[in-house]
Amino acid sequence: MILKSIKEWAAERGCLLGVAPVRPFAGGKAALVWREEQGLSTPFVSGRLEERYEPLLLYPVARALVVIARPNPQPLQPPGPGEGLIANYARGRDYHIQLRSLLQGVAAKLEDAGAKLTAIQVDNGPLLEREAAYYAGLGYYGANCNLIVPGYGSDVALAVLVTDLELEPGEPIATAACNNCGKCMAACPTAAITSPGRLDPQRCLSYLTQTRGVIPVGLRLLLGQRIWGCDVCQEVCPANRYERLSRGASRIKTRADSIFIPNLATIISLTNREYKQVFGGTALAWRGKTSLQRNAVIALGNRGEVDALPSLEQAIAAPAAVVRGHAAWALGRLGSQGRLVLERAWKRETDPYVLHEITRAL
């Protein structure tokens, strides 16, 4: 049977595979409508609202949604004092590339079995991948909006393959360990989880580290050493911890993997070529060097150590105004020595936004 075959094939490669029926995602629709009503949409999504929770609008001949879940690499050690903190999902090789390759293997098997449609989505399409995984029975929702996979927890990457082949769907998990204890809401640095199952993406630190432009002053301190993503709501989740330690923990094989994390000063000095060499094969690469340098500047400001002065002096002369502006904020946290650099920068600066940041910092 083809379904048994592709499940075994995925398991041999460290992934869980399930099948969701082709029907509207009721929970996803409710969450998206709530966000629209609150004006909380983000620029990272594609497609019309309805296309995100209604698979047949995109693929009228679809008969099944094949979903895979792959554990994210786990850090070998925490970052040092002068290094940035990167969320687990962005460590190691780019999961987009890895999951696409895996689903291409699944697609080949389905096509051999007669499939004409094998459309793959790995964060590059409208469909809600967590909802597809939920309806496939791969996991259940935590109050923090993450999908918790039995035997591993929520620290997984998801991808979807849409096919016109009839496959027996799974069933959503009836009993969930999440009891809305509130720990994720209490621990969220920005109170982005407004209620169980409801997230304000514009306050989420993971979103902020990936967005372009200016990060609000009131949220910069809350970033701490984070330069990409945030795992706080997953780290404090009792259900997540229970799943990782449960007797089913061996169901998914994990691997210790870590990318080289240069210190914050090195990130600021990276050329475009060096940036591609260090981060080009990771999930950080899609946003580009400027946002990462902005985040590194904020992290140096949050450290508040005078040894960051040379790096911040370099940053306040960077080509990108957004890096210079955040460098002004960071220099303002270094006292009199930072003030001297700010005064020199103010004399040569012409960008109104950067001048505003320098004036405020002074």
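In this predicted model, the largest nonpolar core takes in 81 residues. Val106, Leu110 and Ile316 are the ones with the most contacts inside that core. Leu110 gives a feel for how the packing works: setting aside neighbours within four places in sequence, this leucine is in contact with Ile2, Ile6 and Val66, with Ala115 and Thr118, and also with Leu161, Thr163, Leu165 and Leu167. There is a second core too, separate from the big one, with 26 residues, among them Val22, Ala62, Leu127 and Ala136. In soluble globular proteins, nonpolar side chains tend to be buried together.

Stepping back to the whole protein chain, 18 helices and ten strands turn up. Of its 362 residues, 51% count as buried. Contacts reach a long way along the sequence: taking those between residues at least 6 apart, 75% link residues that are at least 24 apart.

As for overall shape, the C-alpha trace spans about 70 × 40 × 40 Å along its principal axes. The radius of gyration comes out at 22 Å, which agrees with a compact globule, because a globule of 362 residues would have a value near 21 Å.

Then there is the outside. The protein chain exposes about 16400 Å², and 52% of that area is supplied by carbon and sulfur atoms. On the charge side, the chain carries 41 positive and 32 negative charges, and the mean positions of the two sets lie 4 Å apart.

Terms used:
Residues are numbered from 1 along each chain as its sequence is written. This is a predicted model: local features need pLDDT of at least 70, side-chain atom pairs count only at pLDDT 80 or more; totals for chains, interfaces and linings use all residues. Side-chain values use heavy atoms; hydrogens and water are left out. Helices (H or I, at least four residues) and strands (E, at least two) are DSSP runs, numbered from the N terminus. The radius of gyration is taken over C-alpha atoms; the globule rule is 2.2 Å times the number of residues to the power 0.38. Buried means under 20% relative accessible area, exposed over 50%, partly exposed in between (1.4 Å probe, protein chains only). Contact means heavy atoms within 4.5 Å. Accessible areas come from the Shrake-Rupley method with a 1.4 Å probe; for residues, only the protein chains shown count as cover. Lys and Arg count as positive and Asp and Glu as negative; His and the chain ends are not counted. The place of a charge is taken as NZ of Lys, CZ of Arg, CG of Asp or CD of Glu. A nonpolar core is a set of buried Ala, Val, Leu, Ile, Met, Phe, Trp, Tyr and Cys residues joined through side-chain atoms within 4.5 Å.
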